[in-house]
Amino acid sequence: MRQIRPKTAHLTGRRTTMATLAGLAVLALAAAGCGNSAGPSSKPSTGAGSAHQGGVFTILANSSFGVADPAQNYTLEEWQLLIDTHDGLVGFAKVGGLPGTKIVPDLATSIPIPTNGGKTYVFHIRRGIKFSNGQTLTPSAFVTTFDRQFTVPGPTSFYSGIVGASKCSVKGCNLAKSGGVIANDSAYTLTINLTAPDPEFMDQLTLPFAYAVPPNTSLKLTGNNVPPGTGPYMWKSYNPNTEAVLVRNPYFHVWSKIAQPNGYPNEIIEKYGLQVSDEVTEVENGEAQEVFDGDQIPSDQLSTLNSPQYAGQVHVNTLTADWYMALNTQRPPFNNLQARQAINYAANRTAYVKIAGGPSLAVPACQILPPNFPSYKPYCPYTTGPQTTWSGPNLAKARALVKASGTYGDKVVVDSTNDQVGTELAEQMVSDLNSIGYKASTQLLSGSVQYPFVQNSANWSKWNVAWSAWYQDYPAPSDFLNVLLGCGSIHKNSDASPNIAAFCDPAIQKLINQAEADGSTNPAKAAALWTQIDHMDTQQAPWVDLYNPKQIDFLAKNVHGYEWNPQWYILIDQLWLSK
Amino acid sequence: MAAVAEQVTSTGLRSAAVGRNPWALAWRRLRRNRLALAALGLLLLLIVVCLAAPLYAHDVAHDGNVLGPNLNGTTIVGGKVVPVMQEGGGILKLGETPIGPTWDLHHYFLGADNIGRDVAALLLYGGRASLQIGICSALLCCIVATIVALIAGFFGGLTDAILSRLMDVIWAFPVYLLAISLATELLTHSNGIQIGFLHVSATSLWTPTVIIAFIYVPYVYRPVRGQVLSVASKEFVEAAIAQGASNFRLIFSEILPNVVSTVIVLLPLMIATTILTESALSYLSVGVQPPNVSWGTIISDGQDLLYTRPWVSLAPGIMIVLTVLALNVLGDGVRDALDPRAKLRVR
């Protein structure tokens, strides 16, 4: 998931939390005891820690997340609310830390083992669950959900492997008829047929795109009206100019505490339109509970937050994300491997880390996969010291490579966003390029223009280096290595071509295909292959990887129960408020 | 010129004005306006100081490039070497804060910006860019607007209708919206603009100059066209026509000298406006592009540091205020000096 940065939009950083010891213990017990619980509860449950329930949790965000329809919205800002109002067949365990990366059954009673050579999944759906409008959940709901993936304009690629998906478009889709998604409402089963085995299909089903909506939901975009869901909260209102309000879903009961526990606050309100500095002030004063835009807090106020009085209110977590400069491999000078490696040797990553807010907010990076990610093994060939971590630029080697490449003196255009951080990153990159003999200049565009601009092959002739950032969709190496650098991720003349560097190495692609195939049958072998692919990509230098960012969560003094989930970051509904 | 002579005669000031060049008269009036002269002096001082930027920059530059980032650099404060970017304190050590004003002319006099550059040096370079764009775009705007107004006002009829409607179309757009749209479009052309032999790179200062000049053409065109229409119907123009003068001569020898005073009055005010517009566009990141800086870009750079390093934004803000104030006072003085009604005061 590409995240748009400071002052440009609503896609900013993901939220997190860290639990109290007691909370962790309770949740761990819940995970152990209730992970595979099946069948409806006969009574509405308040869940663990009901003594802490109550209050209004107010989040302050600089801007809203745009259109709210969950079939279209691709922002963490809305996803953090959707995980409290909706459910999918499966989901990431709603707990902090590493256990939060585990996929657990949610509206399905268990995680099925695929049959038919890995192409068919039969889910048994829980009975007795109701949507927030009182409708009973039936397997047919998922047919509508998956049909809407194609009839509502949005990212459809996650589910394009379903049988019949190729025939779907915004004009219409009938996956039931084509045999892709078959609901049996009497047996309460849902069968999904894929055209080919996909080891990441379960990961993809955890995303809010696959959350159940009532079967009679329109197949067209619902705009800012979020269809009812099955989670502990429901959408009372959403106005992108003012606020989103979530209240308790009267029909909710806990069926799996690990997948969808009950929430603590009675109401969750997300307000829009404040400057980030004002958000911080309000939270400092206890007038709101959370600063959404933690990664945009001005330098001024960061120094304020260093004060011991806020020590318990500030939480910093490393993100599984990359901030990088993509090198345009389709035109000189960076169609030359030596030129690409040269700028990787020259990039002063300490400077980029300082732009990000210093070592406490970013970690220098050389390789594609971020730390704490499956198949990650530290590797940094572009430095002076040991080749595991970055220690400093190697300008001598960089200059030698530039000369050897025959690209010395070439003009280079560095494309970035025109917000403060984007501008500063571009200026540092220009400085690094000039230091090894290129004649670099900047091209700064607004955030909403820059990302589609650099993705579209029609603009390849207009830039050489482009800033971008990527935050995991789910914890799978292919989400970086195939989505961002696979040959299949180059879509010519499209604004949605995530392989910005347009890098395609047939040998590496062969290994990617092999790793994906091995994912279902031999995960250990697949993991080793992904590590190899990561290192091979790094050697080919399609990017200058700058750093892995960290996320700041700043909460009010009366907020407790902070947990950091690696997938969803802050778990809003698991926070409780003291009086 | 003929019209001025006629007016002077009609007011019975023959003895005072005979043999005097109207420009000399205007200059004489301007010299008596001490406020306007002070404004002119301030403006000239700002221009000279900004032009001297390389002399100062030579003293403070790091790696020979004062406009480049210096995130890992050091400087000297009280005889000690200190990093330009200082790590946050406390347990969390969040953020990096640039060094504040040292009040030492040789070492970050006004402190550093977010990427470790000397704010004082940026201020001078920013002034060069802001003044260059402001003056050049105002001149360009006035020249183009005057030429179009002369053609429209003199020929009238269909020519006037077409040109005036064209100006109306430009006028119909909110100026900043039009400027932002044009800038965004031009900035996506990495090779810049190529019109015949003329090439302007996307990051050149000429890009905002041309954009700003373009958006303000109708604002100068309208009053000048009105003046042209008025002058074109005067007797001395009819006399020139009767003598068989060509259109070219009528426009440039008879009409232009009588409307140029209007343009001159407008010029300082236009410079003030264009400097403000440039600052606003640069603040919005669609004006001056890195590595160039302007007062607007420095204000933008400093907005995240308003509490701890206010001088980053305050200093360019003060420079803009001083410059625009000087230009407005000077503009008033020039208007008083050139306004025919002021002739009585000359006596």
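# Exercises on a predicted two-chain model

Leaving aside the neighbours within four places in sequence, B:Pro69 is in contact (C-beta atoms, placed from the backbone, within 7 Å) with A:Ala351, A:Glu427, A:Gln428, A:Ser431, B:Ile115, B:Gly116 and B:Arg117. The model is predicted, so local features need pLDDT of at least 70 and side-chain atom pairs count only at pLDDT 80 or more, while totals for chains, interfaces and linings use all residues. Residues are numbered from 1 along each chain as its sequence is written, and chains are lettered from A and ligands numbered from 1 in the order in which they are written.

## Exercise 1

Locate B:Pro69 in chain B, and determine whether B:Pro69 is buried or exposed.

*Solution.* Start with the secondary structure, in which helices (H or I, at least four residues) and strands (E, at least two) are DSSP runs numbered from the N terminus. On this basis B:Pro69 falls in the loop between helix H5 (53-60) and strand S1 (74-77) of chain B. Next comes the neighbour count, under which a residue is buried if 20 or more other C-beta atoms lie within 10 Å of its own, exposed if 12 or fewer, and partly exposed in between, with C-beta atoms placed from the backbone. B:Pro69 has 30 C-beta neighbours inside 10 Å and therefore counts as buried.

## Exercise 2

Describe the side of chain A that touches chain B, by element and by residue class.

*Solution.* The contact takes 42 residues from chain A and 34 residues from chain B. On the side of chain A, at least two residues each are supplied by helix H6 (299-305), strand S11 (314-318), helix H8 (349-355), helix H10 (420-435), strand S15 (439-445) and helix H11 (447-455). H10(A) gives the most, with 8 residues. By class, this side of chain A divides into 19 nonpolar, 18 polar and 5 charged residues, where Ala, Val, Leu, Ile, Met, Phe, Trp, Tyr, Cys and Pro count as nonpolar, Asp, Glu, Lys and Arg as charged, and the others, Gly among them, as polar.

## Exercise 3

Compare the span of helix H13 (residues 506-521) of chain A with the expected value, and work out how the buried residues of H13(A) are arranged.

*Solution.* The expected span of a helix is 1.5 Å times one less than its number of residues. For the 16 residues of H13(A) this gives 22 Å, and the end C-alpha atoms are 23 Å apart, which agrees. The buried residues of H13(A) are A:Ile508, A:Ile512, A:Ala515, A:Glu516 and A:Gly519. Seen down the axis, these buried residues fall within an arc of 95° (taken from the directions from the helix axis to the C-beta atoms), so they line one face of the helix. They pack against helix H12 (478-481) and helix H14 (523-540) of chain A, whereas on the other side of H13(A) the residues A:Pro506, A:Ala507, A:Lys510 and A:Thr521 are exposed.

## Exercise 4

Trace the pairing of strand S8 (residues 243-248) of chain A with strand S7 (residues 233-238) and with strand S9 (residues 267-272) of chain A.

*Solution.* Two strands pair if DSSP finds at least two bridges between them. S7(A) and S8(A) pair in the antiparallel sense over 5 bridges, forming a hairpin with 4 residues between them. S8(A) is also joined to S9(A) by 5 bridges, and these two strands run antiparallel. A:Leu246 in S8(A) is the bridge partner of A:Trp235, and A:Leu246 also stands opposite A:Ile268 in S9(A).

## Exercise 5

Characterise the backbone at A:Ala502, at B:Lys93 and at the peptide bond between A:Pro332 and A:Pro333.

*Solution.* As background, most residues other than glycine have a negative phi, and most peptide bonds are trans. A:Ala502, although not a glycine, has a positive phi of about 50°; this residue lies in the loop between H12 and H13 of chain A, and A:Ala502 is buried, with 22 other C-beta atoms within 10 Å. B:Lys93, likewise not a glycine, has a positive phi of about 55° and lies in the loop between strand S3 (85-87) and strand S4 (96-98) of chain B. With 18 C-beta neighbours inside 10 Å, B:Lys93 counts as partly exposed. Finally, the peptide bond that joins A:Pro332 and A:Pro333 is cis, with omega about 0°, and A:Pro333 is found in the loop between strand S12 (321-327) and helix H7 (337-346) of chain A.

How values were computed: Two residues are in contact if their C-beta atoms, placed from the backbone, lie within 7 Å.
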